[in-house]
Amino acid sequence: MPDTNLRAEIPASELLKNDPKNWGRWGADDEVGSLNFLTPAEALRGAAAIKSGKTFTLQVAMGHPGGDPLWPGRAQPVHVNVMDKGHYMCGKGVNMVGHAEYADDMLIMYLQGSTQYDALGHVWCDDQLYNGYDARTTAGKMTKASVYPIAQKGIVGRGILIDMARHRNKAVLDKAETFNHEDLMAAAAAQGTRIEKHDILLIRTGWIGSFYTTDRAEFYKNFCEPGLTYSPELVKWFHEMEIPNLVTDTIANEVTADPVSGVVLPLHNALMRNLGVTFTEIAALDALAEDCAADGQWTFLYTAAPLKVMGGTGAPVNPVVVK
Ligand code: UVW
């Protein structure tokens, strides 16, 4: 378990107090934040990055026999067949005229329990969500900044993959290993590409891939994922680059605990709550990264739409990339 209960010396709001915010930028009722940067022109810029038509899907398997990668404390999904051949064999199947039979099932899971989009209101501090919405609007069911408006809009634009693990000559970044925007730009340059304004930013650390090959106790021991680390300069960079969407192959898109302040998940507040950058977590990026390294093409069309869960704090998604 990460030490999420550890009382940091500095509250998140104090740490971030001088950082930019996009609140009000797209109106008092906005619920999709930086996705507003994804205009039709950005969809065309993404389409212009298509060269071969090769397609990749970025969701991890749901209900993997070895378990699914989850934030500590969240329970594994429960997948139950409520109708199958067994029901017919013991006379409990639903009989239909013409004798067609069927299988049915249900899945009980955390909405953040697979590759998923976070709602902009998913994490907050100081009793205020993205755009200044009152945190009490989360009670019972989110009535502001839920995942539903994100699902309604959909995400289409130019994606760029930065393979931080490859850049550091590692299969997987270490626990608690950090990087910043300058590292991202250096990795992009080493890949022979450049991060452009309004790019959908995909970052590979190798972490989620390692979940399936690492002993579970070892994976969760002293839990601290590798990832981006907070600094005012990093937030300024995201603000100026107008990044609409951050996609990573980690459970929470950033180093779990900020190594300087000890604050847990400060970028959820700095980027998601304050700037409205949408977060896509637990993405499967290994196959895409292999292909990008092989053909030298690190940019592509990225498309995604989470499930339309009304009032959801997040929702599963299977993004599609076309190279
Ligand atoms: C938490 O909610 C703690 O993290 P995530 O954004 O990964 O779901």
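**Patch, cores and ring pairs**

Trainee: Which strand gives the most to the nonpolar patch?

Mentor: This is a predicted model, in which local features need pLDDT of at least 70 and side-chain atom pairs count only at pLDDT 80 or more, while totals for chains, interfaces and linings use all residues. Residues are numbered from 1 along each chain as its sequence is written, and side-chain values use heavy atoms, with hydrogens and water left out. Strand E2 (78–83) and strand E3 (104–108), which are DSSP runs of at least two residues (helices: H or I, at least four) numbered from the N terminus, each supply at least two residues of the patch. The strand that gives the most, with 3 residues, is E2.

Trainee: How much accessible area does the nonpolar patch have together?

Mentor: Such a patch joins nonpolar side chains within 5 Å (like charges within 9 Å), from residues with over 30% relative accessible area and no salt bridge, meaning no Lys or Arg side-chain nitrogen within 4 Å of an Asp or Glu carboxyl oxygen. Here the members are Val78, Val80, Val82, Met106 and Ile108. By the Shrake-Rupley method with a 1.4 Å probe, their accessible area together is about 390 Å².

Trainee: Is Val78 buried, partly exposed or exposed?

Mentor: Val78 is found in strand E2. Buried means under 20% relative accessible area and exposed over 50%. At 42%, Val78 therefore counts as partly exposed.

Trainee: How many residues does the largest nonpolar core have?

Mentor: A core is a set of buried nonpolar residues joined through side-chain atoms within 4.5 Å. Among those with the most contacts inside the largest one is Phe238, which, leaving aside neighbours within four places in sequence, is in contact (heavy atoms within 4.5 Å) with residues including Leu201, Leu228 and Val277. Apart from this core lies another, of 11 residues, including Phe211 and Ile251, whereas the largest core has 63 residues.

Trainee: What kind of pair do the rings of Trp26 and Phe37 make?

Mentor: Rings pair if their centres lie within 6.5 Å, with planes under 30 degrees apart counted as stacked, over 60 as edge-to-face and the rest as tilted, and a search of the whole structure finds 9 aromatic pairs. Trp26 and Phe37 both lie in the loop between helix H1 (12–15) and helix H2 (40–48), so their pair ties together parts that are 11 residues apart in sequence. Trp26 is partly exposed at 24%, while Phe37 is buried at 7%. Because their centres are 5.1 Å apart and their planes at 80 degrees, the pair is edge-to-face.

How values were computed
Buried < 20%, exposed > 50% of the residue type's maximum accessible area, 1.4 Å probe, protein only. Phe/Tyr/Trp six-rings, centres within 6.5 Å; stacked < 30°, edge-to-face > 60°.
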